[in-house]
Amino acid sequence: MLKTILYIGCGSFIGGVMRFLLSRYVQDGIAGAFPWGTLAVNLIGCLLMGLLYGTMERGNIGDENLRLFLTVGVCGGFTTFSTFAMDGFMLLKWESLLPLLGYLAVSVVGGVLLFFLGYTLIRQLNEHILSA
């Protein structure tokens, strides 16, 4: 188990550094506030996860630690959006349209709402601490 965790951890490190570098490179090259860097990372991560999944499905990556290093580690460190896309694809592949639509809606809308909730809670806490 420790060996598996190390594989995933090393992959996450690589993916996280790649995310930072690519996102910054793209964002620095384009003027404006739109998050082009994040969009590029998410889309490239989805392509990469699809390529890996297709390769694994054919049995071309047989070693479990290598699969975990590449998917959970590198892709997960690069962007969890790629895992989100793969989960959505699996629901689509299993012809589970209603669960797919629910998963997409809850993930996207719920994620933004929970982000807003966390942000609002911290702002209120900070205002309460500063006013005390």
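Is E64 buried, partly exposed or exposed? In this predicted model, E64 counts as partly exposed, with a relative accessibility of 40%. The views below start with this residue and its partner, then move on to the core, the cysteines and the annotated spans.

**View 1. E64 and R67 meet through their side chains in a salt bridge.** Here you can follow the pair from N to O, a distance of 2.2 Å. The structure holds 1 salt bridge. Both residues belong to helix 3, which covers residues 64-78, and because they are 3 residues apart, about one helical turn separates them. R67 is partly exposed, with a relative accessibility of 22%, and E64 is partly exposed at 40%. As general background, side chains of opposite charge can pair when their charged atoms come close.

**View 2. Five residues, M49, L52, M56, I61 and C75, form the largest nonpolar core.** The biggest share of this core comes from helix 2 (residues 36-57), which supplies 3 residues. A good place to centre the view is L52. Beyond its neighbours within four places in sequence, L52 touches I61, L70, T71 and C75. Two of these partners, I61 and C75, are also listed in the core.

**View 3. C75 and C10 are both too far from other cysteines for a bond.** Start with C75, which is buried at 0% relative accessibility. The closest cysteine sulfur to that of C75 is in C46, 9.2 Å away, so the gap is too wide for a bond. Now turn to C10, which is partly exposed, with a relative accessible area of 45%. For the sulfur of C10, the closest cysteine sulfur is the one in C75, and at 16 Å this is again too far for a bond. A disulfide here requires sulfur atoms within 2.5 Å, and by this rule the count is 0 disulfides.

**View 4. The UniProt record marks several spans as "transmembrane region".** In this unreviewed entry, the feature is placed at residues 5-22, 34-54, 66-85 and 97-122. Two of these spans are worth a closer look. Residues 5-22 are 100% helix and 0% strand in the model, with 25 Å between the end C-alpha atoms. Residues 97-122 are likewise 100% helix and 0% strand, and their end C-alpha atoms lie 37 Å apart.

Key. Residues numbered from 1 in each chain as written. Predicted model: local features only at pLDDT ≥ 70, side-chain atom pairs only at ≥ 80, totals over all residues. Heavy atoms only, no water. Core = buried A, V, L, I, M, F, W, Y, C linked by side-chain atoms within 4.5 Å. Buried < 20%, exposed > 50% of the residue type's maximum accessible area, 1.4 Å probe, protein only. Helix = DSSP H or I, 4+ residues; strand = E, 2+ residues; numbered from the N terminus. Contact = heavy atoms within 4.5 Å. UniProt positions renumbered as here; feature names shortened; annotations may be inferred. Salt bridge = Lys/Arg side-chain N within 4 Å of Asp/Glu carboxyl O.
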